[in-house]
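Here are a few short exercises to work through with the model open beside you. Try each task on your own before reading the solution below it.

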Amino acid sequence: MTKIIQIKDLKVHYPIRSGFFNRVTDHVLAVDGVDFTIEQGKTYGLVGESGSGKSTTGKAIIGLEKITSGQIIYQGKDVTKASSRKAIKYNKDVQMIFQDSMSSLNPKKRVLDIIAEPIRNFERLSDQEEKQKVKGLLDIVGMPEDALYKYPHEFSGGQRQRLGVARAVATNPKLIIADEPVSALDLSVQAQVLNFMKNIQQEYGLSYLFISHDLGVVKHMCDNIAVMYKGRFVEIGTRNDIYNDPRHIYTKRLLSAIPKIDVANREGHKAHRRIVEQEYREHYHKFYDETGRVYDLRTITETHQVALKKGDAE
Amino acid sequence: MWKTILRRVLLMIPQVIILSVLIFLLAKMMPGDPFAGLINPNQDPKVIETLREAAGLNDPWYEQYFRWIGNASQGDFGQSFMFKLPVATLIAGRVGNTIALALVSVIITYLIAIPFGLLAGRYQNSWFDKMVIVYNFFSFAVPLFIFALIMLFAFGYRLDWFPTSGTVTVGLDKGSLPYYFDKFKHLILPGLTQALLGTAVTIQYLRSEVIDVKNMDFVRTARSKGVPTNKIFNRHIFRNASLPIASQLGYEITALIAGSVVIEKIFAFPGVGKLFIDSIIQRDYSVINALVLILGLATLIGTLISDIVMSIVDPRIRIQ
Amino acid sequence: MTEKTKDTITLQESIPPMGFRMIAREFVKEKMAIFSLVVLAIILLSVFIGSFFIDQSQVMHVSILDKYAEPGTVTVDGNQFLLGADEGGRDIFGQLIIGARNSILIGFAITIITSVIGVGLGIISGYYGGLIDNIIMRIVDFIMILPIMLIIIVFVSVIREYNIWAFIWIMSAFYWVAKARLFRSKTLSEARRDYVSASKTMGSSDFKIMFREIMPNLSSLIITNLTINFAANIGIETTLTFLGFGLPQSVPSLGTLIGYASSGDVLVNRQWVWLPASILILVLMLSINYVGQALKRSADARQRLG
């Protein structure tokens, strides 16, 4: 499997200023040492609660956040600097879908201009060709042709998000970073958007970095998953590894929190959650050091890595 | 909090310095100098030159500047060529008048603005509110000098209710009660004129504050708990809305200074504003420099005070 | 899987949210606003068309014999003084028309210049933040603290070759600051929105983002601000001219006409000199202000729409 992009020891730290002269006294460790690789055609999931640093990671990869240290290797080149990104037209190949569909589309622009924006920046097409291409994109996401001259506020949330997807796909990217793309949508609409995303992936052979806090959605979409906590990974694995053989107590906790609609076994689920909670408290010290920081990842199998104390590979 | 205040004060220092240099240079750039009109044109130009030299007008500008600043900090602003008086004395004589006028103006402004603004907000859409809105619109739109002229014309001349110039009628015994009454009478028309237009921003602000707060949930809660409406308004809403007015102080002062120039001219009121205009026409440097510096300082200090007050009474830290 | 609805047949023109057309629609609903606009239009038209027919040099020609002629009287040359004459025997009506034209043009010029500088710097400052923002805001803070009117008066006295353009530039140099501050804060809140991030990832240049993406979203504010500013600038210009520090004396202007009222005699006995100019300024400013307020109201009401 070809590697599309490789992230090495990525760190994004925000300085905290205090004192009379606004000196930098401390740092917020938003992302604190993250390694992973995304392969072509596959979906990599990044899961965690709010504040875990998953969105920041996504934004750092696409270039919206400044990277404190670490490397992002794309096509053999380190693209942590904006200049190197520009030189290889990085953003033609790496695009983003945003969470809030209303604010991610410029309310004063028509759909045609919104979707055409990346095309205009990276390709030279005539007006006719451009229009054709946009129409094609609208078709792929199941939007009617007359959407071309409408404004974002004339659409529903799900439709807008589909427009966002169309825009992201406009330049035939190789990697799309989807930052909580369905979190703001009704459940019924979520499925629709996710299915479109999957279809597009198959048709174009592109990769996704799927960022979410919803483990249920992630299970549906992702091949490989990384669980994040306070800026670090606690567990990496395939879908099978994570859902069927979770090793880290945090992962277990997250999984047990997925709401299950299974009324008959209600009591059983509740008991299970209690066990998981207890296990969390008992084994806390095994998985977190004195400062509450997550340990480094240790390899368990070829695909599965867990953050454990040294020498604890259970 | 003290941190911000200290930083603010420290920031002010370079501002003052830059201001004084700027003023000084500006004044120097004015064509003509105090000697131009003073001396007998038939005089030998060499004599004029020696006089200039003696007055230090040919020294490099920074030397003149430091001389000026050094003197100024000791209270010596030089000599006014217009009046042949030390500038300090001259200004001291006038500043009292302007301050009196400003005080009257500010008091009347808030006497009108606060009740009007608060009540208009409370009784939104009533005839009172509608009137206040119209009045507010006019006080924004009408230029001060036109309004002042009309006021002078109508109340001063036509109706003869108020005196039309000066600070006091000649002939009254200084220190006597009629003297003070008369002085006050002279202040009313100009003060009222300035105040009537000065209420604009405050009324608008208060009214919208009251309206916003009025519609907030906690008011509805209080009402449903049975708290009498008056109490809600007086205790909570009005008080909270009024505090930030103190933060307007800096801009009030700027407006008052700009206004005084116009008002004092129209009402022939011998204050600092009129002095400024006269000194510009006469090219009396010392006076101009001193005035702009003092007035600039006044504005700076006013803004500083309002910033400090604002940080103390920050509405986000309301003490219930 | 395209959904063909009936709407594709009836081509409904989409209205941009908070765009000019939206504001215009709200605007026409207010009768008073339309009335003000009409009044304004009438004044503007008559002033501009009128000034074509009036010869400035003839108007400013001093004719002592006609000193303080009353309205309706005839000059030595045989022309009629519609509104009388001033101290120098100059036709008030002519000065009124030309003076109004001057004030309007100057006010307009100042408004445009300050808007371009203020909006531009405000957006740049709000978008980039950091050092650029700091520098610009320091300058803005410094200027806001100065007693601007006083400094303008000093400047006006300083300039050697003084003409209308010098005046316009001096005014503009100081009055852009309030605008810059306003647009900076609006830009700060807009720039935080996702579509700006999206544009960045789409590879759009900063310049494009600032002025093609963010600025259109500030358009309603720009329009209302422009209008109210226009009135304010006319007011400031006339005030300065009235004090003697605006337009030169040889140029007809509304301020100088009113300036004659400083003398008690003119004020009380010869109202035709200053009253028409005063009324004209009042009507002009009131109508511009009303139009501006109405625009503000129309823009605001719609802002609730997502």
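The exercises below concern a predicted model, and each task is followed by its worked solution.

**Exercise 1. Work out how chain A is built and how compact it is for its length.**

Start with the secondary structure: chain A has 13 helices and 12 strands. Next, take the radius of gyration, which is 21 Å. The globule rule gives 20 Å for 314 residues, and the two values are close, so chain A is as compact as a globular protein of that length. To picture its extent, lay a box along the principal axes: the C-alpha atoms fill roughly 65 × 60 × 45 Å.

**Exercise 2. Set out burial and long-range contacts for chain A, then for chain B.**

Begin with burial, where a residue counts as buried if 20 or more other C-beta atoms lie within 10 Å of its own. In chain A, 42% of the 314 residues are buried. For chain B, the share is 36% of 320 residues.

Now turn to contacts between residues at least 6 apart in sequence. In chain A, 66% of these join residues 24 or more positions apart. The corresponding figure in chain B is 73%. As for its secondary structure, chain B contains 13 helices and 2 strands.

**Exercise 3. Trace the pairing partners of strand β4 (residues 69–74) of chain A.**

First look towards β1(A), residues 3–18: this strand runs antiparallel to β4(A), and 5 bridges join the two. One place to check is I7(A), whose bridge partner in β4(A) is I72(A).

Then move on to β5(A), residues 77–78, which is also antiparallel to β4(A) and is joined to it by 2 bridges. Here Y74(A) stands opposite K77(A).

Finally, follow the chain from β4(A) to β5(A). The two strands form a hairpin with 2 residues between them. Within that turn, Q75(A) has a positive phi of about 50°.

**Exercise 4. Decide whether helix α11 of chain C is largely enclosed or open, and find what follows it.**

Locate the helix first: α11(C) spans residues 219–243, a run of 25 residues. From first C-alpha to last, α11(C) reaches 36 Å, close to the 36 Å expected at 1.5 Å a residue.

For burial, count along the helix: 20 of the 25 residues of α11(C) are buried, so the helix is largely enclosed by the rest of the structure.

Last, step past the end of α11(C). There you meet G244(C), which has a positive phi near 105°.

How values were computed. Residues numbered from 1 in each chain as written. Chains lettered and ligands numbered in written order. Predicted model: local features only at pLDDT ≥ 70, side-chain atom pairs only at ≥ 80, totals over all residues. Helix = DSSP H or I, 4+ residues; strand = E, 2+ residues; numbered from the N terminus. Rg over C-alpha atoms; globule rule 2.2 N^0.38 Å. Buried ≥ 20, exposed ≤ 12 C-beta atoms within 10 Å, placed from the backbone. Contact = placed C-beta atoms within 7 Å. Pairing = 2+ DSSP bridges. Expected span 1.5 Å × (residues − 1).
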